[in-house]
Amino acid sequence: QELLVGYPWIFGAQYVKIERHTQLDDRNIPDFTGVRIRDEFRDIFEIKPPFTKMFRDTGGFSAEFNDAWNQAEKYLDFARRDEDYLRRKGLRFDNPECYLILVLCQG
């Protein structure tokens with residue numbers, strides 16, 4: 001995670017900085033937010049550990065994956081719905097994107 005904060009260009013030079021655990025409110029604290037270079041608004045990044053099970057044996061998404069997806073959607077919905085509140089806190093979101101990052105491990 002320190003890699004993302006120290007090297008915000010890791011996402012294709014789209015972010016001037018990446019901040020860890022930006023508190024949107026008491027219940028919405030994504031792993032990271034990134035300030036976009038082009039307009040200085042933020043996007044959201046949620047990272048899950050490598051042992052997160054993504055698929056069921058039947059090939060569908062696992063409950064763990066669905067929980068992670070729902071969490072990302074919750075953050076994105078909050079950032080869109082409460083844009084004025086967040087702006088007053090100094091957090092600028094306009095048409096934010098949320099990236100859910102999961103690492104697949106073999107074995």
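**Getting to know this protein chain**

Student: What is the accessible surface of the protein chain, and what percentage belongs to carbon and sulfur atoms?
Tutor: Keep in mind as we go that this is a predicted model. The accessible surface of the protein chain comes to about 6,900 Å². The share of that surface belonging to carbon and sulfur atoms is 51%.

Student: What percentage of the residues count as buried?
Tutor: A residue counts as buried when its relative accessible area is under 20%. The protein chain has 107 residues. Of these, the buried portion is 36%.

Student: In what order do the elements run from the N terminus on?
Tutor: Let's begin with what there is to place: the protein chain has three helices and four strands. Reading from the N terminus on, with α for a helix and β for a strand, the elements run α-β-β-β-α-α-β.

Student: Which strands stand at the edges of the sheet, and why is one side of each left without a neighbour?
Tutor: The four strands form an open sheet with mixed pairing, in the order E1-E2-E3-E4. Each edge strand has a single partner strand, so one side of it has no neighbour in the sheet. The strands at the edges are E1 (15–20) and E4.

Student: By how many degrees are neighbouring strands of this sheet turned against each other on average?
Tutor: We ignore direction for this one and take the average over neighbouring strands of the sheet. The turn comes out at 25°.

Student: Which residue in E3 stands opposite Phe32?
Tutor: Look at strand E2 (residues 32–36) and strand E3 (residues 42–48), which run antiparallel and are joined by four bridges. Residue 32 belongs to E2. Across from Phe32, in E3, stands Phe45.

Student: Which strands does helix H2 lie across?
Tutor: Find H2 at residues 63–81. This helix runs at about 165° to E3. The strands that H2 lies across are E3 and E4.

Student: Which residues does Leu102 contact, leaving aside its neighbours within four places in sequence?
Tutor: Leu102 lies in strand E4, which covers residues 98–102. To count as a contact, heavy atoms must be within 4.5 Å. With those sequence neighbours left aside, Leu102 is in contact with Lys48, Thr52, Met54 and Phe65.

Student: What separates the C-alpha atoms of Leu102 and Pro50?
Tutor: Along the chain, these two are 52 residues apart. In space, their C-alpha atoms are separated by 6.6 Å.

Student: How far apart are the mean positions of the positive and negative charges?
Tutor: The protein chain has 16 positive and 19 negative charges. Taking the mean position of each group, the separation is 2 Å.

Terms used:
Residues are numbered from 1 along each chain as its sequence is written. This is a predicted model: local features need pLDDT of at least 70, side-chain atom pairs count only at pLDDT 80 or more; totals for chains, interfaces and linings use all residues. Side-chain values use heavy atoms; hydrogens and water are left out. Helices (H or I, at least four residues) and strands (E, at least two) are DSSP runs, numbered from the N terminus. Two strands pair if DSSP finds at least two bridges between them. Axes are lines fitted to C-alpha atoms, for helices over the stretch in contact, and angles run from 0 to 180 degrees between N-to-C directions. Buried means under 20% relative accessible area, exposed over 50%, partly exposed in between (1.4 Å probe, protein chains only). Accessible areas come from the Shrake-Rupley method with a 1.4 Å probe; for residues, only the protein chains shown count as cover. Lys and Arg count as positive and Asp and Glu as negative; His and the chain ends are not counted. The place of a charge is taken as NZ of Lys, CZ of Arg, CG of Asp or CD of Glu.
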